[in-house]
Amino acid sequence: MKQIDSEKLVERKLVELVKINNGMCIKLLCDQLIGLPDRLCLFPNHKVAFVETKTTGQKPRRIQAYMHKKLRALGFRVEVIDSVEGVEQFIDSIIYGN
């Protein structure tokens, strides 16, 4: 049976690993603009990604998917991560280009 990671756990792990890798993990809060991803992750060497965290198996809501599409159209990387393993893979891809 696959382990289910809560959104809170996934987000905490994201913040921890971004910080360990000399980055910033900024929580995005905006009352005027709904659907923004949960976090803006900034890394050395101009690496930037928006990250939506979810409980394992959950998908973004329709407004979130719409906003993700708009951000991608502007050239930004947008990731939806629903597990601690997914956070680790994301960090590896940013740091090592995997």
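Two strands count as paired here if DSSP finds at least two bridges between them, and with that in mind I would like to begin at one edge of the sheet in this model, which is a predicted one. Strands β1 and β2 run antiparallel to each other and are joined over four bridges, and within that ladder Lys27 stands opposite Arg39, the latter belonging to β2.

Stepping back to the sheet as a whole, we have four strands in the order β1-β2-β3-β4, forming an open sheet whose pairing is mixed. Because β1, residues 24–27, and β4 each have a single partner strand, they stand at the edges, and one side of each is left without a neighbour in the sheet. If we ignore direction, neighbouring strands are turned against each other by 30 degrees on average.

Now to the helices around this sheet. Helix α1, which covers residues 7–20, packs on the sheet and touches β1, β2, β3 and β4, while its direction makes about 20 degrees with that of β2. Helix α2, for its part, lies across β3 and β4, and runs at about 145 degrees to β4.

Let me turn to the aromatic side chains, where the structure holds two pairs. In one of them, Phe43 and Phe90 meet edge-to-face, with 6.3 Å from centre to centre and 65 degrees between the planes. Phe43 sits in strand β2, residues 39–43, and Phe90 in helix α3, residues 84–96, so this pair ties together parts of the chain that are 47 residues apart in sequence. Are these two rings buried or exposed? Phe43 has a relative accessible area of 7%, and since buried means under 20%, Phe43 falls in that class; Phe90, with a relative accessible area of 4%, is buried as well.

The other pair is Phe50 with Phe76, whose ring centres are 5.5 Å apart and whose planes stand at 90 degrees, so that this pair, too, is edge-to-face. Here again distant parts of the chain are linked, for Phe50 belongs to strand β3, residues 47–53, whereas Phe76 lies in the loop between α2, residues 62–73, and β4, residues 78–81, and the two are 26 residues apart. As for their surroundings, Phe50 counts as buried at 10% relative accessibility, whereas Phe76 is partly exposed, with a relative accessible area of 37%.

To bring the threads together, the aromatic pairs involve two strands of the sheet, with β2 contributing Phe43 and β3 contributing Phe50, and helix α1 touches both of these strands.

Note on methods:
Residues are numbered from 1 along each chain as its sequence is written. This is a predicted model: local features need pLDDT of at least 70, side-chain atom pairs count only at pLDDT 80 or more; totals for chains, interfaces and linings use all residues. Side-chain values use heavy atoms; hydrogens and water are left out. Rings of Phe, Tyr and Trp (its six-membered ring) pair if their centres lie within 6.5 Å; planes under 30 degrees apart count as stacked, over 60 as edge-to-face and the rest as tilted. Buried means under 20% relative accessible area, exposed over 50%, partly exposed in between (1.4 Å probe, protein chains only). Axes are lines fitted to C-alpha atoms, for helices over the stretch in contact, and angles run from 0 to 180 degrees between N-to-C directions. Contact means heavy atoms within 4.5 Å.
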